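Open the model in your viewer and keep the sequence panel visible. The tour below goes from one selection to the next and says what is there.

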Amino acid sequence: MCEIANKIKSRRIQLGLTLEDVAQAVGVGRSTVRKWETGMIKNMGRDKIAALAKVLQISPVELVPMPNQTRSEDEERLEALHQNPRLGLLF
């Protein structure tokens with residue numbers, strides 16, 4: 001399971017939310033949330049990232065896949081923002 005999928009599931013459980021709770025808050029089906037948590041769906045639209053981050057009470061940047069893991073997570077996120085300024089809209 002990928003890091004983002006783990007983060008989604010662990011944060012949902014930490015907050016005491018069900019798959020259905022998250023699905024309703026984000027506007028998707030319960031099976032979609034399950035697929036995010038297992039890594040079956042890796043690409044989410046910006047609107048879904050923003051809504052999911054809000055319900056999980058985390059930064060949307062934590063849900064954006066980063067290609068190179070040799071640098072720190074913060075460096076990767078900054079690079080992603082520089083390469084795709086639209087990600088800044090999530091904040």
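A helix here is a DSSP run of H or I with at least four residues, and helices are numbered from the N terminus. The model is predicted.

**The whole chain**

Start with the chain as a cartoon. Its secondary structure consists of five helices and zero strands, and the order from the N terminus is α-α-α-α-α. The chain has 91 residues, of which 35% count as buried. Among contacts with a separation of 6 or more, 51% are between residues 24 or more positions apart.

**Helix α3**

Select residues 30-38, which form helix α3. Which residues of α3 are buried? They are Val33, Trp36 and Glu37. Their directions from the axis span an arc of only 95 degrees, so the three are on the same side of α3. In general, an α-helix has 3.6 residues a turn, so residues three or four places apart point the same way.

Now add α1 (3-14), α2 (19-26) and α4 (46-56) to the selection: the buried residues of α3 pack against these helices. Then move to the residue that follows α3, glycine 39, whose phi is positive, near 85 degrees.

**α2 against α3**

Show α2 and α3 together. Their axes are 8 Å apart, and the helices pack at an angle of about 105 degrees. Angles of 65 to 115 degrees count as roughly perpendicular, which means that α2 is roughly perpendicular to α3. To see the contact, display Leu19, Glu20, Val22, Ala23 and Val26 on the α2 side, and Arg30, Val33, Arg34, Trp36 and Glu37 on the α3 side. By class, the residues of this contact are six nonpolar, no polar and four charged.

**α1 against α3**

Hide α2 and bring in α1. The axes of α1 and α3 cross at roughly 120 degrees and come within 6 Å. This crossing makes α1 oblique to α3. Ala5, Ile8, Lys9 and Arg12 of α1 make the contact with Trp36, Glu37 and Thr38 of α3. The contact of α1 with α3 has three nonpolar, one polar and three charged residues.

**Two residues of α1**

Stay on α1 and select arginine 12, which is found in this helix. Is arginine 12 buried or exposed? Its relative accessible area is 10%, and buried means under 20%, so arginine 12 is buried. Setting aside neighbours within four places in sequence, arginine 12 is in contact with Leu17, Thr18, Leu19, Val22, Glu37 and Leu56.

Next select lysine 7, also placed in helix α1. What does its side chain meet? The side chain of lysine 7 makes a polar contact with the side chain of glutamate 62, at 3.0 Å. With neighbours within four places in sequence left aside, the contacts of lysine 7 are Ile58, Glu62 and Arg77.

**Leucine 52 in α4**

Go to leucine 52, found in helix α4. Leucine 52 has 0% relative accessibility and therefore counts as buried. Show what surrounds it: Ile8, Val22, Val26, Trp36, Met44 and Leu63 are in contact with leucine 52, apart from neighbours within four places in sequence. For one of these, leucine 63, the C-alpha atom is 8.6 Å from that of leucine 52, and the two residues are eleven apart in sequence.

**Two loops**

Select leucine 15, in the loop between α1 and α2. Its relative accessibility is 28%, so leucine 15 counts as partly exposed. Beyond residues up to four places away in sequence, leucine 15 touches Val55, Leu56 and Gln57.

Follow that last contact to glutamine 57, which lies in the loop between α4 and α5 (73-83). How far apart in space are leucine 15 and glutamine 57, C-alpha to C-alpha? The distance is 8.9 Å, while in sequence leucine 15 and glutamine 57 are 42 residues apart.

Glutamine 57 has a relative accessible area of 57% and is therefore exposed. Check its backbone as well. Most residues other than glycine have a negative phi. Glutamine 57 is not a glycine, yet its phi is positive, about 60 degrees. To end, set it beside glycine 39, the residue after α3 with a positive phi near 85 degrees.

Notes: Residues numbered from 1 in each chain as written. Predicted model: local features only at pLDDT ≥ 70, side-chain atom pairs only at ≥ 80, totals over all residues. Heavy atoms only, no water. Buried < 20%, exposed > 50% of the residue type's maximum accessible area, 1.4 Å probe, protein only. Arc of directions from axis to C-beta. Contact = heavy atoms within 4.5 Å. Axes fitted to C-alpha atoms, helices over the stretch in contact; angles between N-to-C directions. Parallel < 35°, antiparallel > 145°, perpendicular 65-115°, else oblique. Nonpolar A, V, L, I, M, F, W, Y, C, P; charged D, E, K, R; others polar. Polar contact = N/O pair within 3.5 Å; in protein donor to acceptor, adjacent residues only side chain to side chain.
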